[in-house]
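Here is a short guided walk through one protein chain. Keep the viewer open and turn the molecule as you read.

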Amino acid sequence: MHPALARIESLYRKMLEAGALAIEVRSGPGRTISLKRRGSLAGIPGVERSQLAGSGLVAEPLKASVGRVVAPLSGVFYRSPSPSAPVFVNTGTSVNKGDVLCIIEAMKVLNEIKAPMSGKVSRIEGVNGKHVKKGDIIFIIDSEV
């Protein structure tokens, strides 16, 4: 295996162990590696931040004011109620608790997924028309203080 690929694989494993959504490693001017994880963080064992010291790995936890919206069931993720309709929300959209964020179709039933808190949609992790598993992170909402 190429040494650079081995390094990236090692960093990815550390990111998973830490439960981080993303990491960025700088090893000199213009030499940056960024990795981003999609999907569920459920079941990943935690690693204390002190264990990561000296590894060159930066694993920042999500702020307390951030809400993860996870898929409550497995199914197909849809951003709009129909192919010709506008999406429920975009990145940057302000939502109130209870607003519909998306639909997950499971066993021919369309299930509305609602915002668990008020705030601004900072990330959309679900991909329109693609399958999501129960527990996958599908949205990140930053609370508006």
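Let's begin with how the chain folds back on itself: among contacts in the protein chain with a separation of 6 or more, 60% are between residues 24 or more positions apart. What you have on screen is a predicted model, and its 145 residues include 30% that are buried. The protein chain holds 2 helices and 10 strands, and reading along the sequence gives the pattern α-β-β-α-β-β-β-β-β-β-β-β.

Before looking at details, it helps to know how far the predictor trusts each part. The protein chain has a mean pLDDT of 77, with 70% of its residues at 70 or more. Among the elements, strand β4 has the highest mean pLDDT, 96, while helix α2 (residues 49–52) has the lowest, 44. Over residues 40–65 the pLDDT stays under 50, and for this stretch the model has 43 contacts beyond four places in sequence. You may like to colour the chain by confidence before going on.

Now turn to the strand with that highest mean pLDDT, β4. It belongs to an open sheet of 4 strands, in the order β7-β6-β4-β9, with antiparallel pairing. At the edges sit β7 (109–114) and β9 (131–132), each of which pairs on one side only. Strand β4 itself covers residues 75–78 and pairs with β9 in the antiparallel sense over 2 bridges. In that pairing Gly 75 stands opposite Val 132, and Val 76 stands opposite His 131. Towards strand β6 (residues 100–106), β4 is joined by 3 bridges, again antiparallel. Here Val 76 turns up once more, standing opposite Glu 105 in β6. Val 76 is therefore a handy residue to centre on, with His 131 of β9 as one partner and Glu 105 of β6 as another. When you inspect such strands, keep in mind that side chains in a regular strand alternate between the two faces of the sheet.

A second set of pairings involves strand β8 (residues 119–124), which pairs with strand β5 (residues 94–95) in the antiparallel sense over 2 bridges. Strand β8 also pairs with strand β10 (residues 137–142), antiparallel as well, over 4 bridges. Which residue links these two pairings? Lys 120 of β8 stands opposite Ser 94, and its bridge partner in β10 is Asp 142.

Next come the charged side chains. How many salt bridges does a search of the whole structure find? The search finds 1, and the side chains that meet in it are Glu 125 and Arg 123, at 2.8 Å from N to O. The two partners differ in their surroundings: Glu 125 counts as buried because its relative accessibility is 7%, under the 20% cut-off. Arg 123, at 26%, is partly exposed because this value lies between the 20% and 50% limits.

Arg 79 makes a good companion case. This residue is found in the loop between β4 and β5. Arg 79 is buried yet has no salt bridge, and the nearest side chain of opposite charge, Glu 125, is 12 Å away. That distance rules out a salt bridge between them, because the cut-off is 4 Å. What does the side chain of Arg 79 reach at 2.7 Å? The answer is the backbone oxygen of Val 89. Leaving aside neighbours within four places in sequence, Arg 79 is in contact with Val 87, Phe 88, Val 89, Asn 90, Leu 101, Ile 124 and Asn 128. Selecting that list in your viewer shows the surroundings of Arg 79 in one go.

Finally, have a look at the backbone angles in the loop between β6 and β7, where Met 107 lies. Met 107 has a positive phi of about 55°, although it is not a glycine. Lys 108 is found in this loop too, and it has a positive phi of about 65°, again without being a glycine. Are these residues buried or exposed? Met 107 has a relative accessible area of 81%, so it counts as exposed. Lys 108, with 76%, is exposed as well.

Note on methods:
Residues are numbered from 1 along each chain as its sequence is written. This is a predicted model: local features need pLDDT of at least 70, side-chain atom pairs count only at pLDDT 80 or more; totals for chains, interfaces and linings use all residues. Side-chain values use heavy atoms; hydrogens and water are left out. Two strands pair if DSSP finds at least two bridges between them. Buried means under 20% relative accessible area, exposed over 50%, partly exposed in between (1.4 Å probe, protein chains only). Lys and Arg count as positive and Asp and Glu as negative; His and the chain ends are not counted. A polar contact is a pair of N or O atoms within 3.5 Å; within protein, one must be able to donate a hydrogen and the other to accept it, and residues adjacent in sequence count only if both atoms are side-chain atoms. Contact means heavy atoms within 4.5 Å. pLDDT is the predictor's confidence in each residue, from 0 to 100.
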